[in-house]
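Please open the model in a viewer and keep the sequence at hand. The tour below proceeds by selections, each followed by a description of what is found there.

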Amino acid sequence: MNIESQVTSLELSKKLKEIGVKQESENYFHYCEECKNEYENYKGEFLDYKGHSESTSVFTIYELLEIIPKEINYYFLHINNIDDEWYIYYEDAYGTLNSKQTSDKSMANSLAMMIIYLVENGFMEVKIEQI
């Protein structure tokens, strides 16, 4: 299994940053001002390298599972893989859905989409990072 399938995409990583998810992860996307090019550094080794003006956390599945609520008002987090697609949703004991269902071939992306949905719709809050 390659690392790309276990971390959030650049687009979703930027959206998580935009909604205020704290930028603490083992992996980062960097923007290199000198080369005017975005590139990926999955190990976070070169954060202080000259020319990197911006870093965005790339979250792993484990890190996302630490962020996402396991329960919201007696609706419990469900994660299913059906036909190589990861489905994330909240359901109560009676099978009633309480949220939008997200899905993606990448579990990390599906989790990120659900976190974005939850924050944007007031189901969870994130501490806004002080800049």
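Helices, of at least four residues, and strands, of at least two, are DSSP runs, numbered from the N terminus. The model on display is predicted. Read from the N terminus, its elements follow the order α-β-β-β-α-β-β-β-β-α, which comprises 3 helices and 7 strands.

**The whole chain**

Begin with the entire chain selected. It holds 131 residues, of which 41% are buried. Among contacts with a separation of 6 or more, 47% join residues 24 or more positions apart.

**Helices H1 and H3**

Next, select residues 10-18, helix H1, together with residues 107-120, helix H3. Two packed helices are described by the angle between their axes and the distance between the axes. Here the axes come within 10 Å and cross at roughly 30°. Angles under 35 degrees count as roughly parallel, and H1 and H3 are therefore roughly parallel to each other. Their crossing is left-handed.

Which residues of the two helices meet? From H1, display Leu12, Lys15 and Leu16; from H3, display Asn109, Ala112, Met113, Ile115, Ile116 and Glu120. The residues of this contact comprise 6 nonpolar, 1 polar and 2 charged.

**Alanine 112**

Remain in helix H3 and select alanine 112. Its relative accessible area is 0%, so alanine 112 is buried. Beyond its neighbours within four places in sequence, alanine 112 has contacts with Thr8, Leu12, Leu16 and Leu64. The partner threonine 8 merits a distance label: the two C-alpha atoms are 7.0 Å apart, although 104 residues separate alanine 112 and threonine 8 in sequence.

**Serine 13 and phenylalanine 29**

Now move to helix H1 and select serine 13. Is serine 13 buried or exposed? With 0% relative accessibility, serine 13 counts as buried. Outside its neighbours within four places in sequence, serine 13 touches Thr8, Phe29, Thr56, Ser57 and Val58.

From this list, select phenylalanine 29, which belongs to strand E1, residues 27-32. Phenylalanine 29 also counts as buried, at 6% relative accessibility. Between phenylalanine 29 and serine 13, the C-alpha atoms are 8.4 Å apart, with the two positions 16 residues apart in sequence.

**Threonine 102**

Proceed to strand E7, residues 102-104, and select threonine 102. A relative accessible area of 2% places threonine 102 among the buried residues. A polar atom of the threonine 102 side chain lies 3.0 Å from the backbone oxygen of serine 110. What else is in contact with threonine 102, leaving aside its neighbours within four places in sequence? In addition to Ser110, the contacts are Trp86, Tyr87, Ile88, Met113 and Met114.

**Two loop residues with positive phi**

The final stops concern the backbone. Most residues other than glycine have a negative phi. Select asparagine 73, in the loop between strand E4 (71-72) and strand E5 (75-82). Phi of asparagine 73 is near 50°, a positive value in a residue other than glycine. Asparagine 73 is exposed, with a relative accessible area of 60%.

Then select aspartate 84, in the loop between E5 and strand E6 (85-91). Aspartate 84 has a positive phi as well, near 65°. At 57% relative accessibility, aspartate 84 counts as exposed.

Note on methods. Residues numbered from 1 in each chain as written. Predicted model: local features only at pLDDT ≥ 70, side-chain atom pairs only at ≥ 80, totals over all residues. Heavy atoms only, no water. Axes fitted to C-alpha atoms, helices over the stretch in contact; angles between N-to-C directions. Parallel < 35°, antiparallel > 145°, perpendicular 65-115°, else oblique. Left-handed = near helix turned anticlockwise from the far one by under 90°. Contact = heavy atoms within 4.5 Å. Nonpolar A, V, L, I, M, F, W, Y, C, P; charged D, E, K, R; others polar. Buried < 20%, exposed > 50% of the residue type's maximum accessible area, 1.4 Å probe, protein only. Polar contact = N/O pair within 3.5 Å; in protein donor to acceptor, adjacent residues only side chain to side chain.
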